[in-house]
Amino acid sequence: MLVGFKALSERYAIELAQLLRVESFIGTVRSRHESQGQIENRYPPSYRPEDEVAGHFAFGLKYEEIHLEFFARLFAAIGPEPLENWCRREPYGQYARRAGFFYEWLTGETLAVPDVTNGGYVDAISPKAYLTRTSLKRSKRWRINDNLPGSVDFCPIVRRTATIEQALAFDLKSALAELDNAFGADILLRTASWLTFNESRASFLIEKEASQADRIQRFAHVIAQYCGQLDDPLSDASLHTLQKGILGHDALGLGLRRSPVFVG
């Protein structure tokens, strides 16, 4: 028996741009099988949820992965009533609260249920399983810690895989200090300049501008001079400074482009 988010996806014929990674079934024993990024989990009969939106959604929140696109499409398909019934039935249940919070956060609509007044705050997503925002926002209505790493317009959910954890644990400052001790600042600076110049020349070759050696040198110089030195690198003033340094003092039409351009 298929359960969880996948069961709801099939029941309501939801088509996703990013497919669900986890499928859960009720079988005889608990097992897990992963192949090419897809996961198939099997659970004993004691895990069987109620065959309704609340049962399958709670199962998914508990045992599967957060998938905001699926949540948004599911909420659009089922409307508020199943969530309202669930929240009235279990006003203090953490899974009902999280579902209600996600519904209002994603849809911008308010469920016809009273605010939660008791119970401790719970996280919207698990900080042990996902990268979360560093400063919490609290939803008093649901008693939820909104630790989602973004807004409703753009909120990438990044799982804490072994590769991610390894990258987070990498001490860049220490690694640079070791290179400095091994080779010295002068060699590192000359190496960085050489790599920057050759990378720039390759880029200009792609754009059929490899003959413009002066511009390539200016580009390398600008990278060396300004990289990490601008407080707001994407501001108009900073972009103007970078552009002027690359194109030179005699360039015409500095600033943001005001008209269309054809790239052939």
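**Two open sheets and a nonpolar patch**

Author: Within β4, glutamine 38 is the bridge partner of serine 35. The model is a predicted one, in which local features require pLDDT of at least 70 and side-chain atom pairs count only at pLDDT 80 or more, whereas totals for chains, interfaces and linings use all residues. Numbering starts from 1 along each chain as its sequence is written, and side-chain values rest on heavy atoms, with hydrogens and water left out.

Reader: What makes β3 and β4 a pair of strands?

Author: A strand is a DSSP run of E with at least two residues, a helix is a run of H or I with at least four, and both are numbered from the N terminus. Two strands pair if DSSP finds at least two bridges between them. Strand β3 (residues 31-35) and strand β4 (residues 38-43) are joined by 5 bridges and run antiparallel, so the criterion of at least two is met. Serine 31 faces arginine 42 of β4. The two strands form a hairpin with 2 residues between them, and glutamine 36 in the turn has a positive phi of about 50°.

Reader: Why are β1 and β3 called edge strands, and in which order do the strands of their sheet lie?

Author: The open sheet has 4 strands in the order β1-β2-β4-β3, with mixed pairing. Its edge strands are β1 (2-3) and β3, each of which pairs on one side only. Strand β1 is joined to strand β2 (residues 22-26) by 2 bridges, and these two run antiparallel; leucine 2 has phenylalanine 25 as its bridge partner, and valine 3 stands opposite serine 24. In the parallel sense, β2 and β4 pair over 5 bridges, with valine 22 opposite isoleucine 39 and isoleucine 26 opposite tyrosine 43.

Reader: How do you know which side chains of β4 are buried?

Author: Buried means under 20% relative accessible area, exposed over 50%, and partly exposed in between (1.4 Å probe, protein chains only). Ile39, Asn41 and Tyr43 point to one face of β4 and are buried, while Gln38, Glu40 and Arg42 point to the other and are not. In β2, 4 of the 5 residues are buried, and this strand is mostly covered.

Reader: Which strands stand at the edges of the sheet of 3 strands, and what packs on that sheet?

Author: This open sheet has the order β5-β7-β6, with mixed pairing. At the edges stand β5 (122-123) and β6 (137-139), each with a single partner strand, so one side of each has no neighbour in the sheet. Strand β5 pairs with strand β7 (residues 144-146) in the parallel sense over 2 bridges, and aspartate 123 stands opposite asparagine 145. Helix α5 (residues 94-107) packs on the sheet and touches β5, β6 and β7 (contact: heavy atoms within 4.5 Å). The direction of α5 makes about 40° with that of β7, where axes are lines fitted to C-alpha atoms, for helices over the stretch in contact, and angles run from 0 to 180 degrees between N-to-C directions.

Reader: Why is phenylalanine 183 called partly exposed?

Author: Phenylalanine 183 lies in helix α7. The relative accessible area of phenylalanine 183 is 48%, and partly exposed is therefore the term that applies to this residue.
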